[in-house]
Amino acid sequence: YVLLTLLLLTVTAAGTFYWFADSQPWTPKRAKNTQAGQARSGLQEGKVNILLLGVDKRVEDVNRSDTIMVVTVDVKTKETSLLSVPRDTWVKIPGRKWDKINHAHMYGGQKLVQQTVEELLGIPIDYYVSVDFSGFTRLVNAFGGVDLEVDERMYYTDPYDHLVIDLQ
């Protein structure tokens, strides 16, 4: 599921960028300065950075970003790269203490994750895509679902999330 999530988020971000890039002249909304106050370096000129977040949103629990990735699109060459930031990466969260990077979402939502990633990587984040469990389900269904061949019955219940998996 993690690889499928990564693939769908990457395809969605890249597809959205290319769709908008072909329809009009386009420049990043923060071409000169980031929230972290860093100027774009020469290596970042002509590039767009998109933060991809997979949020672990549960009933009666805090939200953490368990999937954190940055897609970088070179506007001139149309090349795309993807960097995954492990959720347990130990970072200084702005305005907070040192902690795991996925806790930034719990403390301040997408904006704090964005600031933390900008400071960690030293690059500006121009856009973001955030998907929780229900959004992921809708995204998979929009692509026609996923067919599984199940050799033997798989049954699992998780009362914490009110989840039942029953594949036959």
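Two strands are counted as paired if DSSP finds at least two bridges between them. In this predicted model, strand β2 (residues 64–74) and strand β3 (residues 80–85) run antiparallel and are joined by 6 bridges. Within this pairing, M69 of the hairpin stands opposite S84 in β3, and V70 stands opposite L83 in β3. Strands of a sheet pair through backbone hydrogen bonds, either parallel or antiparallel.

The hairpin of β2 and β3 has 5 residues between the strands. K78 lies in this loop and has a positive phi of about 65°, although K78 is not a glycine. K78 counts as partly exposed because its relative accessibility is 34%, and the buried class ends at 20% while the exposed class begins over 50%.

The hairpin belongs to an open sheet of 4 strands, in the order β3-β2-β1-β6, with mixed pairing. The edge strands are β3 and β6 (127–131), each of which pairs on one side only. From one strand to the next, the twist averages 20°. Helix α2 (residues 103–121) packs on this sheet and touches β1 (47–56), β2, β3 and β6. The direction of α2 makes about 35° with that of β2.

A nonpolar surface patch of about 220 Å² is made by L83, L120 and L121. Of these residues, L83 lies in strand β3. L83 has a relative accessible area of 40% and is therefore partly exposed.

A search of the whole structure finds 4 salt bridges. One of them joins the side chains of D66 and R87, at 2.9 Å from N to O. This pair links distant parts of the chain: D66 is in strand β2, and R87 is in the loop between β3 and β4 (90–92), 21 residues apart. Both partners are partly exposed, D66 at 25% relative accessibility and R87 at 37%. R87 also forms a salt bridge with D88, where the closest N and O atoms are 3.9 Å apart. D88 has a relative accessible area of 43%, so this residue counts as partly exposed.

Another salt bridge is formed by D166 and R153, with the closest N and O atoms 2.9 Å apart. This pair too links distant parts of the chain, with D166 in strand β8 (residues 163–167) and R153 in the loop between α3 (133–142) and β7 (154–158), 13 residues apart. D166 is partly exposed, with a relative accessible area of 35%. Salt bridges that share partners join D66, R87, D88 and K100 into one network.

Terms used. Residues are numbered from 1 along each chain as its sequence is written. This is a predicted model: local features need pLDDT of at least 70, side-chain atom pairs count only at pLDDT 80 or more; totals for chains, interfaces and linings use all residues. Side-chain values use heavy atoms; hydrogens and water are left out. Helices (H or I, at least four residues) and strands (E, at least two) are DSSP runs, numbered from the N terminus. Axes are lines fitted to C-alpha atoms, for helices over the stretch in contact, and angles run from 0 to 180 degrees between N-to-C directions. Contact means heavy atoms within 4.5 Å. Patches are made of residues with over 30% relative accessible area and no salt bridge: like charges are joined within 9 Å, nonpolar side chains (Val, Leu, Ile, Met, Phe, Trp, Tyr) within 5 Å. Accessible areas come from the Shrake-Rupley method with a 1.4 Å probe; for residues, only the protein chains shown count as cover. Buried means under 20% relative accessible area, exposed over 50%, partly exposed in between (1.4 Å probe, protein chains only).
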